[in-house]
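User: I've got a model open and want to talk through its packing, its pockets and a few odd backbone spots. Can you take my questions one by one?

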Amino acid sequence: MNRRQFLGTSTASLVAAAHPLLSRQTSSPDARIEILLDEPGATIAPEIYGHFVEHLGGTVYDGIWVGDNQTAIPHINGLRKELVEALRKVKPGMIRWPGGCFADQYDWRDGVGPRNKRPRRTNFWVDAQEWPAGANRRGPQAYEPNTFGTVEFARFCEQVGAQPYFAANVRSLPAQQLFQWIEYCNSPTGSTSLAEQRAADGHPDPLNVKLWGVGNESWGCGGNFEPEDYAAEFRRYTAWTPSYGVKTAFIGSGPNDDSFAWTRRAFAKLGHSGLDNMFGWAMHHYAWNASAHSHPEWYTSKGDALKFDASQYYSILRDAGDMDRLIRTHWDVMAESDPTHKVKLVVDEWGAWHASGTEPFPEALLGQQSTMRDAVVAGITLDTFNRHAEKVAMASVAQLVNDLQSLFFAHENRFCLTPTYHVFAMYAAHQTGRSIRSVVSTPDIHYTFDDRPAAIPGLSSSSSLKGATLTVTVTNPSIDTAKVSEIAIRGGRTQHISATVLAAPNVHAHNSFENPSSVEPNTTTLTAAGPVIEHTFPPASVTKFEVTIG
Ligand code: AHR
């Protein structure tokens with residue numbers, strides 16, 4: 001079974017990490033990174049550092065929304081306070097909501113009006129086979145109470161400083177409901193009945209929502225469309241919507257992974273009217289196959305989130321690294337119909353997706369633990385987006401809390417940060433910087449799976465320049481080998497350098513409610529002169545340098 005069908009219905013011995021200090025190496029380097037300051041590229045959009053919140057498992061209820069009628073969990077108008085404060089620190093560019101597959105069953109009208117009068121509906125995920133044993137399958141994760149609706153989500157975005165990105169229902173609501181949802185969100189105070197409804201819901205001012213997804217995974221749970229049929233729907237849904245002075249940006253439901261035919265056929269059919277109304281083309285790509293694609297079976301090829309050997313570790317990283325090829329190839333295919341690249345790529349679902357079994361609590365459907373392997377996945381992926389800043393306009397990791405590659409675990413009054421959170425905190429420095437070309441020279445990492453040879457790149461990196469600050473991020477994916485490296489900065493003098501390193505003695509290290517600080521970054525500041533930084537990257541580590549250029 002593949003993911004489309006699914007939606008239609010040892011531990012390796014690890015070498016302790018070398019101490020992550022900048023140091024002068026005596027041996028010759030294993031890797032060289034040349035940063036070419038004279039070759040700036042596009043600006044890295046803050047929206048690349050986006051997040052995804054679906055009404056799925058413990059993401060909304062318990063994760064974000066704890067309710068405003070209780071005192072046991074600190075909250076801001078019902079929003080979990082610890083999560084709001086931690087998320088604000090990583091500068092989330094945007095947040096996508098309410099799904100995912102949930103989006104194409106969601107009627108936004110259920111999530112407005114007095115909270116105690118909102119209808120309870122069956123959630124898309126009610127019959128998922130991944131529900132953990134012992135989960136309460138009668139709660140809000142199975143029967144959606146609609147307590148968290150449009151205004152609650154908008155307030156969440158305001159609290160954390162993110163742009164809202166709404167996914168509209170194409171499979172089961174008419175086009176009229178897209179423009180009426182826009183009317184509810186954006187029409188001026190007092191202008192329409194829906195503006196009055198919004199005011200009664202507690203938000204008299206317009207929400208000014210700019211980003212609108214037109215369906216989700218329309219090739220699967222979003223309607224099982226053929227690409228030509230979806231293109232016709234996109235044209236129809238976007239043919240007219242009110243603007244209220246907000247430049248709406250519509251995002252089309254793009255391909256899964258390497259479904260290049262979906263992109264080619266949809267773009268050919270969108271024509272001028274479709275492409276003119278399209279800001280972004282959404283691609284989804286998860287790193288899920290721990291069997292190195294020797295057995296591409298959706299349910300059985302995933303591996304455990306905590307127990308994995310070196311082959312399974314590298315297989316997930318290989319899947320993550322494939323993002324680079326997917327971006328390049330879809331971009332080229334898009335150019336066949338859109339040669340000026342008016343439409344940008346939006347990777348609005350990405351992350352590691354492991355087998356079920358490590359949920360932080362039973363109602364956290366699709367929840368999974370997050371180790372240093374997941375931090376490496378995040379580093380590789382965010383580096384890829386930074387390097388392709390001219391192509392990728394937005395991206396959202398799946399998902400924010402208690403689900404897949406989450407930044408947080410939250411349950412009742414317990415809360416913790418995952419290693420992925422720390423990667424987002426480190427990489428936030430890239431936002432609004434100009435992407436700078438860098439050249440990485442190091443041998444590939446070779447491994448075997450099922451007695452077959454396989455390889456992944458030996459290091460991943462990206463660089464950006466904002467004012468006089470150069471940010472360089474580097475991920476060493478090797479499970480057991482530190483990399484003695486030279487980072488050469490061409491075209492400028494370095495004055496002040498800080499290095500922040502996320503590493504652990506064991507790649508299986510992770511945080512939990514009981515041990516929330518097992519994995520944390522360490523920052524070292526030093527004053528250095530000269531164009532070359534010498535550094536040893538610990539195994540399975542993510543590093544950020546912030547360099548002041550003189
Ligand atoms: O993120 C979980 C699910 O994965 C989403 O609902 C869907 O869009 C994707 O297949």
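User: Is His 535 buried, partly exposed or exposed?
Analyst: Keep in mind that this is a predicted model. His 535 sits in strand 24, residues 532–537. The cut-off for buried is under 20% relative accessible area. His 535 comes out at 0% relative accessibility, so the label is buried.

User: How far apart are the C-alpha atoms of His 535 and Lys 483?
Analyst: Along the chain, His 535 and Lys 483 are 52 residues apart. In space, the separation of their C-alpha atoms is 8.1 Å.

User: Which helix gives the most residues to the largest nonpolar core?
Analyst: The largest nonpolar core has 132 residues, and those with the most contacts inside it include Phe 148, Trp 281 and Phe 408. The top contribution to this core is 8 residues, from the helix spanning 372–387. That's helix 10.

User: How many residues are in the other core, the one with Ala 31 and Ile 436?
Analyst: The largest nonpolar core has 132 residues. Apart from it lies another core, with Leu 37 and Ala 499 also among its members. Its count is 18 residues.

User: Which element gives the most to the lining of the largest pocket?
Analyst: The largest pocket has a volume of about 560 Å³. Of its 28 lining residues, the closest to the centre are Asp 324, Arg 328, Arg 387, Ser 460 and Ser 461. Elements giving two or more residues to the lining include strand 1, helix 9, helix 10 and strand 19. The top contributor, with 5 residues, is strand 16.

User: How many charged residues are in the lining of the largest pocket?
Analyst: The lining has 28 residues. They divide into 10 nonpolar and 10 polar, and the charged ones number 8.

User: What about the second largest cavity: which element gives the largest share of its lining?
Analyst: This cavity holds about 60 Å³ of space. Its lining includes Ala 103, Trp 108, Asn 169, Trp 181 and Tyr 237, and it divides into 10 nonpolar, 2 polar and no charged residues. Two elements give two or more residues, strand 8 (163–168) and helix 4 (175–186). The largest share, 3 residues, comes from helix 4.

User: Is the ring pair of Phe 148 and Phe 153 stacked or edge-to-face?
Analyst: The whole structure has 33 aromatic pairs. For Phe 148 and Phe 153, the ring centres are 6.4 Å apart and the planes are at 70 degrees. The cut-off for edge-to-face is over 60 degrees. With its planes at 70 degrees, the Phe 148 and Phe 153 pair is therefore edge-to-face.

User: Why does the pair of Trp 181 and Trp 212 tie together parts that are apart in sequence, and how many residues apart are they?
Analyst: The two rings are 5.4 Å centre to centre with 75 degrees between the planes, an edge-to-face pair. Trp 181 is buried, and so is Trp 212. Both belong to a cluster linked by ring pairs, which also includes Trp 65, Phe 102 and Tyr 184. Because Trp 181 lies in helix 4 and Trp 212 in strand 9, the pair links parts whose sequence separation is 31 residues.

User: Which ring does the charged end of Arg 373 sit over?
Analyst: There's a lysine case as well: Lys 302 lies over the face of Trp 298, 4.2 Å from the ring centre. For Arg 373, the distance to the ring centre is 3.8 Å, and the ring is that of Phe 308.

User: How many of the 9 residues of helix 11 are buried?
Analyst: Helix 11 covers residues 419–427 and is largely enclosed by the rest of the structure. Its buried residues include Tyr 421, His 422, Phe 424 and Met 426. The buried count is 8.

User: What is omega for the cis peptide bond between Gly 99 and Gly 100?
Analyst: Gly 100 is in the loop between strand 5 and strand 6, and Pro 98 has its place there too. The bond joining Trp 97 and Pro 98 is cis, with omega about 5 degrees. For the cis bond joining Gly 99 and Gly 100, omega is about 20 degrees.

User: Is Asn 224 buried or partly exposed?
Analyst: Asn 224 is in the loop between strand 9 and helix 6, with a positive phi near 50 degrees. Its relative accessibility is 48%, so Asn 224 counts as partly exposed.

Note on methods
Residues numbered from 1 in each chain as written. Predicted model: local features only at pLDDT ≥ 70, side-chain atom pairs only at ≥ 80, totals over all residues. Heavy atoms only, no water. Core = buried A, V, L, I, M, F, W, Y, C linked by side-chain atoms within 4.5 Å. Buried < 20%, exposed > 50% of the residue type's maximum accessible area, 1.4 Å probe, protein only. Helix = DSSP H or I, 4+ residues; strand = E, 2+ residues; numbered from the N terminus. 1 Å grid on protein atoms, 1.4 Å probe; cavity = no way out; pocket = protein on both sides within 12 Å on 5 of 7 lines; lining within 4 Å. Points joined across faces, edges and corners; volume = space filled by probe spheres on them. Nonpolar A, V, L, I, M, F, W, Y, C, P; charged D, E, K, R; others polar. Phe/Tyr/Trp six-rings, centres within 6.5 Å; stacked < 30°, edge-to-face > 60°. Lys NZ or Arg CZ within 6 Å of the ring centre and 35° of its normal.
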